[in-house]
Amino acid sequence: MQITISQYQTINQIVKSNKDDLDKEIEAVAFLTRKSEDELLNLPLDKIRKTFAECGFSTPSQRLKRFIWVNGKLYKGCLDVTDLNTGQYIDLKNFAKQDFVSNLHNLLAVIYKPIWGKYEHGKVAEDMKSAKLNDVYGLVFFYSNLLEILNPTILMCSVLAKQDIEEVMKEIESSDL
């Protein structure tokens with residue numbers, strides 16, 4: 001079984017809960033297998049953990065997938081950060097700054113674009129909830145690391161740009177136009 005983004009987001013909420021680890025595992029397995037928690041509680045512990053592992057809780061692939069199929073649509077991932085425009089970069093930063101996992105589908109909607117048809121963020125984000133975590137993990141990992149690396153550089157560039165703008169404004173104000 002491959003975990004979708006939507007399932008991963010739900011499981012992340014379960015993991016964040018104040019329950020003990022075994023209760024979290026049981027709730028997650030119940031969610032993924034559509035079995036009741038009572039049903040699972042009657043199983044031996046090793047069977048629950050085996051079922052938990054069979055549900056797709058393995059280390060996702062870090063291979064970058066350029067193309068993915070989601071809901072019968074082909075999407076192309078942006079593998080070159082220089083292909084992102086400023087708005088897309090700002091969207092990535094904003095979605096990542098908020099709850100990263102809860103916004104994963106929105107992040108993916110910035111990174112992956114439909115091959116055919118018009119791009120509409122809301123529709124693409126909704127599709128990305130059905131994307132397989134294993135298909136998108138590599139590119140999400142790449143962008144999350146990239147954002148962490150670029151933040152100080154962008155901040156420095158912003159400060160320098162502001163200083164340049166202030167200098168130009170002073171020159172304009174002091175000129176005899």
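**Reading the terms of this structure**

User: Why is Ile115 called partly exposed?

Analyst: Ile115 has a relative accessible area of 33%. A residue is buried under 20%, exposed over 50% and partly exposed in between (1.4 Å probe, protein chains only), so Ile115 at 33% is partly exposed. Its place is the loop between strand E3 (112-114) and helix H7 (121-128); helices (H or I, at least four residues) and strands (E, at least two) are DSSP runs, numbered from the N terminus.

User: What kind of model is this, and which pLDDT values apply?

Analyst: The model is predicted: local features need pLDDT of at least 70, side-chain atom pairs count only at pLDDT 80 or more, and totals for chains, interfaces and linings use all residues. Residues are numbered from 1 along each chain as its sequence is written, and side-chain values use heavy atoms, with hydrogens and water left out.

User: Which residues form a nonpolar patch on the surface with Ile115?

Analyst: Phe67, Trp69 and Trp116 join Ile115 in this patch, with about 500 Å² of accessible area together. Patch residues have over 30% relative accessible area and no salt bridge; nonpolar side chains (Val, Leu, Ile, Met, Phe, Trp, Tyr) are joined within 5 Å and like charges within 9 Å. Ile115, at 33%, therefore passes the area condition.

User: What makes the other surface patch negative?

Analyst: That patch is formed by Asp20, Asp21, Asp23, Glu37, Asp38 and Glu39. Asp and Glu count as negative, so the patch is called negative. Helix H2 (21-33) and helix H3 (37-41) each give two or more residues to the negative patch, and H3 supplies the largest share, 3 residues.

User: How do you know that Asp38 is exposed?

Analyst: Asp38, found in helix H3, has a relative accessible area of 57%. This is over the limit for exposed, so the term applies to Asp38.

User: Why are Asp135 and Lys65 said to meet in a salt bridge?

Analyst: A salt bridge is a side-chain nitrogen of Lys or Arg within 4 Å of a carboxyl oxygen of Asp or Glu. For Asp135 and Lys65 the N to O distance is 3.0 Å, so the pair satisfies the rule. Asp135 lies in helix H8 (residues 133-174) and Lys65 in the loop between helix H4 (45-54) and strand E1 (67-70), so the pair ties together parts that are 70 residues apart in sequence. Asp135 is buried at 16% relative accessibility, whereas Lys65 is partly exposed at 22%.

User: How many salt bridges does this rule give?

Analyst: The count comes to 5 salt bridges. Among them, Glu27 and Lys19 meet at 2.4 Å, N to O, and Lys129 pairs with Glu126, their closest N and O atoms being 3.4 Å apart. Both distances fall within the limit, so both pairs qualify. Lys129 is partly exposed at 25%, as is Glu126 at 46%.

User: What makes His105 count as buried, and which side chain does the side chain of His105 contact?

Analyst: His105, in helix H6 (residues 104-111), has 12% relative accessibility. That value is under the limit for buried, so the term holds. The side chain of His105 makes a polar contact with the side chain of Gln9 at 3.0 Å. A polar contact is a pair of N or O atoms within 3.5 Å; within protein, one must be able to donate a hydrogen and the other to accept it, and residues adjacent in sequence count only if both atoms are side-chain atoms.

Definitions and conventions:
Accessible areas come from the Shrake-Rupley method with a 1.4 Å probe; for residues, only the protein chains shown count as cover. The place of a charge is taken as NZ of Lys, CZ of Arg, CG of Asp or CD of Glu.
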